[in-house]
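User: I should like to go through this model by question and answer, starting with a local detail and ending with the whole chain.

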Amino acid sequence: MTAAETAQEQTPTPEPPTTPYKPPRVAKRAPQHADDDTAAQLALIAASRRTPFEKRVWAALCAIPRGRFTTYGLLSAHLGTSPRAVGNALRRNPFAPGVPCHRVVATGGTLGGFKGKWPRSGEGITLDEKRRLLRGEGVRFDGGGRVMGTPWAFQD
């Protein structure tokens, strides 16, 4: 890790004003998978020395079922914040892909950014990785590269 990355990782992100945190609830028919160790991921998040806001965002990611996706807008609405603030927390996720930031896409179904990088001309190695992770979980894409299906919504 470079000195700049270390400094960025240690620099706390200002927490935007939000409503009090409510733990994420899984949708009524969310599939259970033996390989999902949500409790362990939540423990890693809780023990981290990151901002309370980042922890809230990352904990919410753990509620998104494998093989499903949500949007920056839906996640931000659930947390009572902005899509940009959510995106900033996602790009700082040190626990990926176990804490699945790859399951968050743009509202139009495009992949958006990944690992803090936005695509040039819609492609890039980081987006290829995000696409690969989603496909590996069973998410399908249309001919234009957008995710297919209904975004998963948090049950508030």
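User: In the loop between which two elements is Pro97 found?

Analyst: The model is a predicted one. In this model, a cis peptide bond joins Ala96 and Pro97, with omega at about 0 degrees. Pro97 lies in the loop that runs between α5 (83–91) and β2 (104–105).

User: How are helix α2 and helix α3 oriented with respect to each other, parallel or antiparallel?

Analyst: The axes of α2 (residues 38–47) and α3 (residues 52–61) come within 9 Å and cross at roughly 175 degrees. Angles over 145 degrees count as roughly antiparallel. The crossing angle therefore makes the two helices, α2 and α3, roughly antiparallel.

User: What is the make-up by class of the contact of α2 with α3?

Analyst: On the α2 side, the contact is made by Leu42, Ile45 and Ala46, and on the α3 side by Lys55, Trp58 and Ala59. Lysine counts as charged, while Leu, Ile, Ala and Trp count as nonpolar. The contact thus has 5 nonpolar, no polar and 1 charged residues.

User: How many of the residues of α3 are buried, and what covers them?

Analyst: The buried residues of α3 are Phe53, Glu54, Arg56, Val57, Trp58, Ala59, Ala60 and Leu61. That is 8 of its 10 residues, and α3 is mostly covered. The cover over these buried residues includes α2, α4, α5 and β2.

User: Where around the axis of α4 do its buried residues lie, on the same side or on opposite sides?

Analyst: In α4 (residues 72–79), Tyr72, Leu75, Ser76, His78 and Leu79 are buried. Because these residues cover an arc of only 155 degrees around the axis, they lie on the same side of α4. An α-helix has 3.6 residues a turn, so residues three or four places apart point the same way. The answer for the buried residues of α4 is the same side.

User: Which residue just after α4 takes a positive phi?

Analyst: The helix α4 spans residues 72–79. Just after α4, a positive phi of about 70 degrees is taken by Gly80.

User: In what order do the elements of the protein run from the N terminus on?

Analyst: The protein has 6 helices and 2 strands. From the N terminus on, their order is α-α-α-β-α-α-β-α.

User: What percentage of the contacts with a separation of 6 or more is accounted for by residues 24 or more positions apart?

Analyst: Of the 156 residues of the protein, 39% count as buried. The accessible surface comes to about 9000 Å², and carbon and sulfur atoms hold 54% of this surface. Among contacts with a separation of 6 or more, the share of residues 24 or more positions apart is 68%.

Conventions
Residues numbered from 1 in each chain as written. Predicted model: local features only at pLDDT ≥ 70, side-chain atom pairs only at ≥ 80, totals over all residues. Heavy atoms only, no water. Helix = DSSP H or I, 4+ residues; strand = E, 2+ residues; numbered from the N terminus. Buried < 20%, exposed > 50% of the residue type's maximum accessible area, 1.4 Å probe, protein only. Contact = heavy atoms within 4.5 Å. Areas by Shrake-Rupley, 256 points an atom, 1.4 Å probe, with all protein chains shown as cover. Arc of directions from axis to C-beta. Axes fitted to C-alpha atoms, helices over the stretch in contact; angles between N-to-C directions. Parallel < 35°, antiparallel > 145°, perpendicular 65-115°, else oblique.
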